[in-house]
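Biologist: I have a model open and a list of labels for it. Before I trust the labels, I want each one argued from its value.

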Amino acid sequence: MEYLKQREEEEELELDEPVSPTGQYFNSSVLSISILCILESEVPIDDSLTLPLLKDVFLPINPRFSSLMVEDKNGVKQWKRVEVKLKDHINIPIFPAGLSSESYDGYFDDYISEIAMKEFPQSRPLWEIHIIKYPTNNSAGNLVFRLHHAMGDGFSLMGALLSCLQRADNPNLPITFPSFRVRSNLDSAKSIMKAVPRALTTAFNTVSDFGWGILKSTVVEDDRTPIRSGDPRVEFRPISMATISFSLDNIKKIKAKLGVTINDVLTGIIFFGTRLYMQSMDHASRNANSTALVLLNTRVISGYKSLKEMRKSDHVSSQWGNQFAFLHVSLPELVDDKFTDPLDFVAKAQQIIQRKRNSLAVYLTGRLLEAVRKYRGPEVTARYIHTTLKNSSMTISNMIGPVEQVALASHPCRGMYFMVVGPPQSLTITMVSYMGKLQIAVGTEKGFIDPRKFNACIEDAFQRLFEAALGTPPPPIS
């Protein structure tokens with residue numbers, strides 16, 4: 001193969017590693033899911049340092065960035081190390097010159113939609129970088145890292161991206177992140193008297209959630225609504241993407257007032273805003289059967305590990321790869337937007353997610369997928385996951401980002417966000433914190449969902465929730 005120069009056979013045998021089951025599912029004949037990581041540059045982009053940055057910083061992060069996914073003689077998929085031709089992974093689009101920022105916004109959106117629909121060539125490592133050197137309303141230029149989900153989940157790939165970044169104020173100082181506490185099942189185990197009823201509740205919730213998950217992954221579909229077209233092969237349709245930002249301090253004020261977690265607040269805002277959008281487009285859909293798949297990181301961690309720690313750790317909870325699970329969460333119904341208490345959506349979101357966290361359905365679902373893979377093969381398992389996604393209405397995922405402003409090759413990043421592309425759904429929502437703000441990205445089926453109107457409903461939901469919790473309108477983002 002002209003593109004690749006194979007290493008010596010002994011070196012290949014030493015470096016090859018099996019592809020994880022989830023990696024095989026996400027790069028199969030029925031699923032091809034990727035992650036777009038977008039960095040908004042504060043200054044015009046100089047691409048002269050791209051090659052040395054990729055060669056000296058990016059590729060050494062993990063062997064998978066220099067590997068192909070191949071099948072050995074026994075049909076087992078392996079990561080095989082190859083020599084990378086970096087220029088084939090760099091894309092610099094050319095747009096018409098001299099246009100306004102608003103015009104370049106349109107070109108940028110169309111370009112993102114175009115690359116989101118493309119499948120990765122299997123003849124080279126499953127990543128690429130896109131350098132958009134035209135100013136938009138939000139930035140002087142954009143850097144887009146496109147990485148296949150088979151290489152790792154958002155936690156792994158965010159860790160990889162952060163390894164390329166430095167603090168903008170002082171590159172010698174470490175990047176820091178918002179602190180968060182890992183919940184332990186022992187936190188609430190204050191007495192033996194509480195253990196028995198808790199065990200019974202857990203058993204009941206496990207049976208209920210596991211059974212419901214199987215039904216949702218096989219025969220039970222969500223209703224067709226303004227957020228779910230339900231059309232076949234929706235994953236191959238163009239997407240639109242829009243972002244909206246909230247102050248983390250304002251989110252924390254709601255959290256403190258209600259005595260819940262930040263994730264509870266965010267989920268409540270998303271659910272309430274989604275129902276407001278559904279009602280504005282079709283009044284009857286405010287009570288339609290709609291399910292969100294909320295992604296749960298299954299690592300037991302207190303923050304990002306270094307890439308060296310992730311690769312070498314013997315403990316499964318901190319390793320590189322795909323370590324997450326889906327929680328099926330039904331969207332609370334909207335009685336009437338004028339009389340619905342926004343706080344009910346936070347309370348219901350907290351109640352549902354807490355109950356599902358306290359069941360063993362996630363563990364049993366993992367065992368079920370492993371059994372299907374073992375006896376039916378990874379392609380059949382991938383079809384099961386495809387149906388799980390197709391039968392639901394939306395996916396929600398979030399990650400924590402740096403507290404300070406960061407820079408890539410002396411390009412300060414004004415903002416950052418990510419998007420999961422390729423799932424058979426009309427709506428995907430992602431969230432990442434950065435510089436005291438929460439940036440929400442909304443990916444929608446183009447021509448079916450209005451992303452800007454949807455974001456306006458999310459903002460309306462936040463405004464109502466803040467006022468309901470604190471009695472005053474939220475202060476503007478500084």
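Modeller: What follows takes the labels one at a time, for a model that is predicted.

Biologist: Start with strand β6. What makes it mostly covered?

Modeller: The strand spans residues 127-132, and six of its six residues are buried. Buried requires under 20% relative accessible area. Both faces are covered. W127, I129 and I131 lie on one side, and E128, H130 and I132 lie on the other.

Biologist: Why do the residues split into two sets like that?

Modeller: Because side chains in a regular strand alternate between the two faces of the sheet.

Biologist: Which strands pair with β6, and how do you know that they pair?

Modeller: Count the bridges; at least two are needed. Strand β5, residues 90-91, is joined to β6 by two bridges, so the pair qualifies, and the two run parallel. In that pairing I90 stands opposite I129. On β7, residues 141-148, there are six bridges to β6, in the antiparallel sense. There I132 stands opposite N142.

Biologist: Now the sheet with order β1-β4-β3. Why are β1 and β3 called edge strands?

Modeller: The sheet is open, with three strands and antiparallel pairing. β1 (17-18) and β3 (67-71) each pair on one side only, and that puts them at the edges.

Biologist: What makes β1 a partner of β4?

Modeller: Two bridges join β1 to β4, residues 77-81, and the strands run antiparallel. The rule asks for at least two, so the pair counts. E17 stands opposite W79.

Biologist: P18 is found in β1 too. Why is P18 called exposed?

Modeller: Its relative accessibility is 53%. The cut-off is over 50%, so P18 counts as exposed.

Biologist: Which residues does P18 touch, leaving aside neighbours within four places in sequence?

Modeller: P18 is in contact with K77, Q78 and W79. Take W79: P18 and W79 are 61 residues apart in sequence, but 6.1 Å apart in space, C-alpha to C-alpha.

Biologist: On to charges. How many salt bridges does the structure hold?

Modeller: It holds 17.

Biologist: How do you know that D110 and K446 form one?

Modeller: The N to O distance is 2.9 Å. The limit is within 4 Å, so the pair passes. The pair links distant parts of the chain, 336 residues apart. D110 is in helix α4 (residues 101-117), and K446 is in the loop between β16 (437-445) and α13 (451-470).

Biologist: Why are D110 and K446 both called partly exposed?

Modeller: D110 has a relative accessible area of 44%, and K446 has 36%. The class runs between 20% and 50%, so both fit.

Biologist: What makes E114 and K118 a salt bridge?

Modeller: The side chains meet at 3.6 Å, N to O. That is within 4 Å, so the label holds. E114 is partly exposed at 40%, and K118 is partly exposed at 46%.

Biologist: And E445 with R237?

Modeller: The closest N and O atoms are 2.8 Å apart, so this pair also meets the within 4 Å rule. E445 is in strand β16 and R237 is in the loop between α6 (192-216) and β9 (239-247), 208 residues apart.

Biologist: Is E445 buried or exposed, and why?

Modeller: At 5% relative accessibility, E445 is under 20%, so it counts as buried. R237, at 32%, counts as partly exposed. Salt bridges that share partners join R224, D231, R237 and E445 into one network.

Biologist: Last, the rings. How many aromatic pairs are there?

Modeller: The count comes to eleven. In one of them, F462 and F466 form a tilted pair.

Biologist: Why is that pair called tilted?

Modeller: The planes are at 55° and the centres 6.0 Å apart. The centres lie within 6.5 Å, so the rings pair; the angle is neither under 30 degrees nor over 60, so the pair is tilted. F462 and F466 both lie in helix α13, four residues apart, about one turn of the helix. Both are buried.

Biologist: Which residues form an aromatic cluster?

Modeller: F95, Y104, Y107, Y111 and Y134 form one.

Biologist: What makes R146 a charge over the ring of F120?

Modeller: The charged end of R146 sits over that ring, 4.0 Å from its centre. The distance limit is within 6 Å, so that part of the test is met.

Note on methods
Residues are numbered from 1 along each chain as its sequence is written. This is a predicted model: local features need pLDDT of at least 70, side-chain atom pairs count only at pLDDT 80 or more; totals for chains, interfaces and linings use all residues. Side-chain values use heavy atoms; hydrogens and water are left out. Buried means under 20% relative accessible area, exposed over 50%, partly exposed in between (1.4 Å probe, protein chains only). A charge sits over a ring if NZ of Lys or CZ of Arg is within 6 Å of the ring centre and within 35 degrees of the ring normal. Contact means heavy atoms within 4.5 Å.
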